[in-house]
Amino acid sequence: MYYGSLEAGGTKMICAVCEENGKIIEQVSIPTLSPEETIPKIIDYFKDKDIVALGVACFGPIDLHKDSKTYGYITSTPKLKWQNYPLIPTLQKALSIPMGFDTDVNGSLLGEISFGSSKGLENAIYITIGTGIGGGVISNGKLLHGMLHPELGHMLLVPHPKDSFAGNCPFHKNCFEGMASGPALEKRYGKKGIELVNQKEVWEIEAYYIGQALCNLILTLSPERIILGGGVMHQEQLFPLIRKEVATQLNDYLKTKELADLDHYIVPASLNDNQGILGCLQLAIDAKKESSLNLR
Ligand code: ADP
Ligand code: ZN
């Protein structure tokens with residue numbers, strides 16, 4: 001039995017066919033242009049693949065409320081051509097199979113807890129630090145949606161005493177994304193992250209912001225583990241610096257077995273950049289199960 005995965009990103013749409021055990025049989029990448037150009041290619045790809053369900057993890061904001069008239073829509077995205085686009089309704093009409101839908105970051109988190117090194121955890125957070133910053137949350141075994149879905153990349157942060165950069169988020173300036181995303185690094189230093197590898201202070205300041213955001217999340221959501229992915233986190237020297245910041249900033253306020261072992265508490269993504277695709281697989285598996293239950 002085959003399942004379809006669609007990781008819908010702002011620059012590319014990764015489509016894949018997978019087996020229930022997490023094996024990716026094949027995958028293609030389709031550039032994200034306008035819906036009129038891109039969606040027919042996605043439908044064409046999946047149409048003759050004999051998949052029993054499709055899981056879609058998508059850039060946001062998106063409507064995840066199943067009883068909403070605009071369920072499955074991409075809503076107020078800054079990507080103008082995709083604003084108010086009925087993604088799931090359109091795919092559903094063309095493919096007529098059960099579909100699961102969630103944010104891109106909840107998708108990556110689901111991949112990690114279903115198939116990765118965080119398998120089985122019921123309280124965890126996945127954060128991507130790349131062009132933007134976003135995070136997925138699972139709490140008591142349920143992916144957190146709430147009013148809309150968490151947008152934890154936009155929490156406000158206190159500037160580092162040695163940092164005069166004002167932040168580049170168009171909405172909040174010095175939020176997490178405004179201070180610590182790839183483009184924030186590039187704007188602050190006039191060079192891309194990859195070209196700053198040997199500049200110690202760059203990564204100390206970066207770790208200060210990531211550490212601060214992680215402390216806020218630890219204190220508000222009580223995760224059992226935090227997984228960090230995205231382009232900027234390819235700088236592996238960040239991990240020990242972030243762990244140190246978290247320890248310093250929490251200042252022994254919390255004492256748990258998880259926090260006593262920060263090397264296993266703050267960890268890199270574990271699925272070779274396939275966490276999103278495998279999360280979509282799990283969304284598809286869950287959607288198939290739910291539809292079978294409904295048919296009984
Ligand atoms: P996206 O967020 O667009 O899906 P990525 O997660 O790859 O894609 O993030 C891209 C951002 O990460 C860019 O700003 C880029 O400069 C930065 N980046 C990518 N690779 C590295 C690296 N090895 N070191 C530091 N920064 C990187
Ligand atoms: Zn912001």
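This passage walks through a predicted model of a single chain with one bound ligand, going from the overall fold to a few individual residues and then to the ligand.

Let's start with the whole chain. It has 9 helices and 10 strands. Its radius of gyration is 19 Å, close to the 19 Å that the globule rule gives for 296 residues, so the chain is as compact as a globular protein of that length. Along the principal axes, the C-alpha trace spans about 55 × 40 × 35 Å. Buried residues account for 51% of the 296 residues. On the outside, the chain exposes about 14,400 Å², and 53% of that comes from carbon and sulfur atoms. Contacts also link distant parts of the sequence: among those between residues at least 6 apart, 61% join residues at least 24 apart.

Next come some spots where the backbone does something worth a look. The peptide bond running from glycine 60 to proline 61 is cis, with omega near -5°. Proline 61 sits in the loop between β4 (51-58) and α2 (87-95). Two other residues catch the eye through their phi angles. Aspartate 50 is not a glycine, yet its phi is positive, about 60°. This aspartate belongs to the loop between α1 (35-47) and β4, and aspartate 50 is exposed, with a relative accessible area of 64%. Serine 96 also has a positive phi without being a glycine, in this case near 50°. The loop between α2 and β5 (99-103) is where serine 96 is found, and with a relative accessible area of 58%, serine 96 is exposed.

Now for some residues on the inside. Threonine 77 lies in the loop between β4 and α2. Is threonine 77 buried or exposed? Its relative accessible area is 0%, and the cut-off for buried is under 20%, so threonine 77 is buried. Leaving out residues up to four places away in sequence, threonine 77 touches Phe59, Gly60, Pro61, Trp82 and Gln83. Two of those names, Gly60 and Pro61, are the partners in the cis peptide bond described above. The side chain of threonine 77 also reaches the backbone nitrogen of lysine 79, at 2.9 Å.

Threonine 38 is another buried threonine, at 1% relative accessibility, but this one lies in helix α1. Which residues does threonine 38 touch, not counting those up to four places away in sequence? They are Met13, Ile30, Pro31, Thr32, Leu33 and Trp82. Trp82 turns up here and also in the list for threonine 77. As for methionine 13, it is 25 residues from threonine 38 in sequence, while the C-alpha atoms of the two are 8.4 Å apart in space. The side chain of threonine 38 also reaches the backbone oxygen of proline 31, at 3.3 Å.

Leucine 196 takes us to another part of the chain, the loop between α5 (182-189) and α6 (200-221). At 1% relative accessibility, leucine 196 counts as buried. Setting aside neighbours within four places in sequence, leucine 196 is in contact with Tyr189, Lys191, Val202 and Trp203. Leucine 196 and leucine 185 are 11 residues apart in sequence, and their C-alpha atoms are 9.1 Å apart in space.

That leaves the ligand. Which residues are around ligand 1? The list runs Gly130, Thr131, Gly182, Pro183, Gly193, Ile194, Gly230, Gly231, Val232, His234 and Gln235. Sorted by class, this shell has 3 nonpolar and 8 polar residues, with no charged ones. Some of the surrounding residues place polar atoms by the ligand. A polar side-chain atom of threonine 131 lies 2.6 Å from an oxygen atom of ligand 1. Glycine 231 uses its backbone instead: one of its backbone N or O atoms is 2.8 Å from an oxygen atom of ligand 1. With glutamine 235, the side chain takes part, and one of its N or O atoms is 2.8 Å from a nitrogen atom of ligand 1. How much of ligand 1 does the protein bury? Taken alone, ligand 1 exposes 560 Å², and the protein buries 64% of that.

How values were computed
Residues are numbered from 1 along each chain as its sequence is written. Chains are lettered from A and ligands numbered from 1 in the order in which they are written. This is a predicted model: local features need pLDDT of at least 70, side-chain atom pairs count only at pLDDT 80 or more; totals for chains, interfaces and linings use all residues. Side-chain values use heavy atoms; hydrogens and water are left out. A residue is near a molecule or strand if one of its heavy atoms lies within 4 Å of it. A polar contact is a pair of N or O atoms within 3.5 Å; within protein, one must be able to donate a hydrogen and the other to accept it, and residues adjacent in sequence count only if both atoms are side-chain atoms. Accessible areas come from the Shrake-Rupley method with a 1.4 Å probe; for residues, only the protein chains shown count as cover. Ala, Val, Leu, Ile, Met, Phe, Trp, Tyr, Cys and Pro count as nonpolar, Asp, Glu, Lys and Arg as charged, and the others, Gly among them, as polar. Helices (H or I, at least four residues) and strands (E, at least two) are DSSP runs, numbered from the N terminus. The radius of gyration is taken over C-alpha atoms; the globule rule is 2.2 Å times the number of residues to the power 0.38. Buried means under 20% relative accessible area, exposed over 50%, partly exposed in between (1.4 Å probe, protein chains only). Contact means heavy atoms within 4.5 Å.
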